[in-house]
Amino acid sequence: MLALIPLALTLTACAEQGTSPVTGEVPAFTGPWAEEFARSYRDAPDDRIREILRDGVITDAEHAEVEQTYRSCAAERGVHISDVRFDGSSNYEWDSSITVDQAHTFETECSISSGDASVSSLWYAMRRNPDRADENEIVLACVKRVGALDDNFTPEHWNASSYEEKLQALDGADDSAEVFDSCRIDPFGAK
């Protein structure tokens, strides 16, 4: 059994393990991701995660530590995280002794209680769009860069288009949905 679950920047507290309340002031974060750092800091499950967030930077080592804690927590409950992707989504399988609903609940609880929900979603978002540029602009620039759309397609038309209309505009490409999704997931690194 396999599930794909995207990570979200806005999260609720873990019902099973709870969160420890913020003591003291929330740091005055700066930069394009300041608001998300402040929210993640306030919503962090414990002081260990708040310490990771305190400086407004999430290092690769900090992210790896949190992700490993998440994977271990889930595995202890019979949920096996097989892949955490660049866009923050996770693939997982679960033991036959638990139901799909239990697997989803356990994965969510472990994501929150480990700090993965507070740290990883922000880490991925910052790597994907470090300057927090306009989403439509960076995706449009990507599809043009990879040659899936000509330069005559304007940002105004792109912004007004639905997902389906954007795919139709890429219709000349054999793999238009794949190209579009690749640019949405990694607009600066898609090839």
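Two rings of Phe, Tyr or Trp, the last taken by its six-membered ring, count as a pair if their centres lie within 6.5 Å, and planes over 60 degrees apart make the pair edge-to-face, under 30 degrees stacked, and the rest tilted. With that in mind, a search of the whole structure, which is a predicted model, finds seven aromatic pairs.

**Stop one: aromatic rings**

Select Trp123 and Tyr124 to begin, and look at the angle between their rings: the centres are 4.9 Å apart and the planes stand at 80 degrees, so this pair is edge-to-face. Both residues are away from the surface in the sense used here, as Trp123 is buried and Tyr124 is buried too.

Next select Tyr163 and Phe180, whose rings are tilted, with 50 degrees between the planes and 5.1 Å from centre to centre. Tyr163 belongs to helix H8 (residues 163-169) and Phe180 to helix H9, so this pair ties together parts that are 17 residues apart in sequence. Are these two residues buried or exposed? Phe180 is buried, with a relative accessible area of 3%, whereas Tyr163 is partly exposed, with a relative accessible area of 31%. Add Phe153 and Trp158 to the selection, and you will have a cluster in which ring pairs link Phe153, Trp158, Tyr163 and Phe180.

**Stop two: the disulfides**

A disulfide is a covalent bond between the sulfur atoms of two cysteines. How many disulfides does the count come to? The count comes to two, and when the bonded cysteines are numbered in sequence order, the pairing is 1-2, 3-4.

Select Cys73 and Cys110, which are joined by a disulfide with a distance of 2.1 Å from S to S. The link of Cys73 and Cys110 is left-handed, with -70 degrees about the S-S bond. Because Cys73 lies in helix H3 (residues 60-76) and Cys110 in helix H4 (residues 100-113), the pair ties together parts that are 37 residues apart in sequence. Cys73 and Cys110 are both buried.

Then move to Cys142 and Cys183, which form a disulfide with their sulfur atoms 2.1 Å apart. Here the angle about the S-S bond is -70 degrees, and the link of Cys142 and Cys183 is left-handed. This pair links distant parts of the chain, with Cys142 in helix H6 (residues 135-145) and Cys183 in helix H9, 41 residues apart. Cys142 and Cys183 are both buried.

**Stop three: the nonpolar cores**

In soluble globular proteins, nonpolar side chains tend to be buried together. In this model the largest nonpolar core has 30 residues, and those with the most contacts inside it are Phe37, Leu53 and Val79. The elements that give two or more residues to this core include H1, helix H2 (47-53), strand S2 (79-84), strand S3 (90-94) and helix H5 (116-128). H5 gives the most to this core, with six residues.

To see the surroundings of one of these residues, select Leu53 and display what it touches: leaving aside residues up to four places away in sequence, its contacts include Phe29, Phe37, Tyr41, Ile58 and Leu122. Another core, of 13 residues, lies apart from the largest one, and among its members are Leu140, Phe153, Trp158 and Leu170.

**Stop four: charged side chains**

Side chains of opposite charge can pair when their charged atoms come close. The count here comes to eleven salt bridges, and a few of them are worth selecting in turn.

Start with Glu35 and Arg39, which form a salt bridge whose closest N and O atoms are 3.9 Å apart. Glu35 and Arg39 both lie in helix H1 (residues 34-43), four residues apart, about one turn of the helix. Glu35 is exposed, with a relative accessible area of 54%. Widen the selection to Glu36 and Arg132, and you will see a network of salt bridges that links Glu35, Glu36, Arg39 and Arg132. Add Trp33 as well, since the charged end of Arg132 sits over the ring of Trp33, 4.7 Å from its centre.

Now select Arg54 and Glu51, which form a salt bridge with their closest N and O atoms 3.0 Å apart. Arg54 is partly exposed at a relative accessible area of 39%, and Glu51 is partly exposed at 48%.

Finish with Arg184 and Asp181, a salt bridge whose closest N and O atoms are 3.3 Å apart. Because Arg184 and Asp181 are three residues apart in helix H9 (residues 176-185), about one helical turn separates them.

Terms used: Residues are numbered from 1 along each chain as its sequence is written. This is a predicted model: local features need pLDDT of at least 70, side-chain atom pairs count only at pLDDT 80 or more; totals for chains, interfaces and linings use all residues. Side-chain values use heavy atoms; hydrogens and water are left out. A salt bridge is a side-chain nitrogen of Lys or Arg within 4 Å of a carboxyl oxygen of Asp or Glu. Buried means under 20% relative accessible area, exposed over 50%, partly exposed in between (1.4 Å probe, protein chains only). A disulfide is a pair of cysteine sulfur atoms within 2.5 Å. A nonpolar core is a set of buried Ala, Val, Leu, Ile, Met, Phe, Trp, Tyr and Cys residues joined through side-chain atoms within 4.5 Å. Contact means heavy atoms within 4.5 Å. A charge sits over a ring if NZ of Lys or CZ of Arg is within 6 Å of the ring centre and within 35 degrees of the ring normal.
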